[in-house]
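Student: I'm new to this one. Could you pick a single part and take me through it closely?

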Amino acid sequence: MTVHEGDRNKPLVILVHGLGMEQNIWTAPGSARILGGALPLTVLLSKKPEQRDKVRSKITPGDRPDPKMLRSIFHDLRDRGYPVISWSQQRPAGPLESAVNELAEVIRHAENISKGEIILVCHSRGGLIARKYLADNNSNVNALITICTPHRGSSIAKLASYVLPLVRVITPFISDNTNSLSIKKAVTRVTDFMKSNAVKELLPSSDFFQTIPDRKIKGMRCLTMGGTNPSLFGFYRWREKTADGMRLLRPEEVLSFPGILEKIIPSGLLPDELKKGLGDGLVSAESSRLNWADEHHDFPMNHARMLYDKRVRETIISFIEANF
């Protein structure tokens, strides 16, 4: 657990991470891991490389951001003097109910360090953890803010049979450790993660969604946000060109994810989560919206980039400052 005490008279904000992640997505993004620790989070923040005069390999993944430059809402709130708590769930890829119990414990601790309101800021499955907690407990939570939460479930679990064969090919390129044993372990972790009951629990048909009421909680403010660019990462081939007498190498995309799935998934089966303008690569924009929320905003970015984009963070700060 990370606790920034801040001003006791300001609302206390509790940050809840998503499935297979850890609190570092908020406090130390550069070292955060995804898929149960299998890969660095920065894989999902890569972009098309710049032109170069030489490269080590003919095919490379996109350029990752400088870890030192990544800021999340944790840093924004801390700098403004808000009390903030984040924690790593003991079973980040375990049953949702176990994380709900942990959130209840964190909230009990929170009441000892602030006399102000309590605000939950949640990413992905974290929003479902918060909603389940609120459905089962009488608490003094005053606001719920969700980022890319699958409020109506996600269809990604259905695609495991298509995704898993690609994992073995892609992982060596995006792993931050080229050791063959480490790569094998990473592939195993990703495979186990995709097949886990925790992922299946997020399917729209899951029994879980019958346990949380889809209605506004009296006296509680709510902001929801979703992403509409499903591009998670890409691979590039370097082509030579000459400009002003100089030999330069320019990148040409050869494979993108989830773009490659459009070529191997039967027509008509591609879910909205993977369609540009409709999803963030893991959650559809429609699923990220609660109809009873006070505000909803969509942003043209993927599931991970939403955490660090300045516009998203400013939207959260504005919502908090306008209501508390």
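Tutor: Let's look at how one pair of helices packs, and then at the core around it. Keep in mind that this is a predicted model. Start with helix 3, residues 96–110, and helix 4, residues 125–136. Their axes sit 9 Å apart, and the two pack at an angle of about 70 degrees. Angles from 65 to 115 degrees count as roughly perpendicular, so helix 3 is roughly perpendicular to helix 4. As for handedness, the crossing of helix 3 with helix 4 is right-handed.

So who actually touches whom? On the helix 3 side you'll find Leu96, Glu97, Ala99, Val100, Leu103, Ala104 and Ile107. Facing them from helix 4 are Arg125, Leu128, Ile129, Ala130, Lys132 and Tyr133. Sort that contact by class and you get 10 nonpolar residues, 3 charged ones and no polar ones.

Now hang on to Leu103, as that name comes up again. The largest nonpolar core has 89 residues, and Leu103 is among those with the most contacts inside it, along with Ile14, Leu120, Val121, Ile145, Met225 and Ile316. Helix 3 gives the most to this core, with 8 residues. As background, nonpolar side chains tend to be buried together in soluble globular proteins.

Ile316 is another good one to click on. Setting aside neighbours within four places in sequence, Ile316 is in contact with Ile73, Ile145, Ile147, Leu223 and Met225. Two of those names, Ile145 and Met225, are also on the list of residues with the most contacts inside the core.

How values were computed
Residues numbered from 1 in each chain as written. Predicted model: local features only at pLDDT ≥ 70, side-chain atom pairs only at ≥ 80, totals over all residues. Heavy atoms only, no water. Axes fitted to C-alpha atoms, helices over the stretch in contact; angles between N-to-C directions. Helix = DSSP H or I, 4+ residues; strand = E, 2+ residues; numbered from the N terminus. Parallel < 35°, antiparallel > 145°, perpendicular 65-115°, else oblique. Left-handed = near helix turned anticlockwise from the far one by under 90°. Contact = heavy atoms within 4.5 Å. Nonpolar A, V, L, I, M, F, W, Y, C, P; charged D, E, K, R; others polar. Core = buried A, V, L, I, M, F, W, Y, C linked by side-chain atoms within 4.5 Å. Buried < 20%, exposed > 50% of the residue type's maximum accessible area, 1.4 Å probe, protein only.
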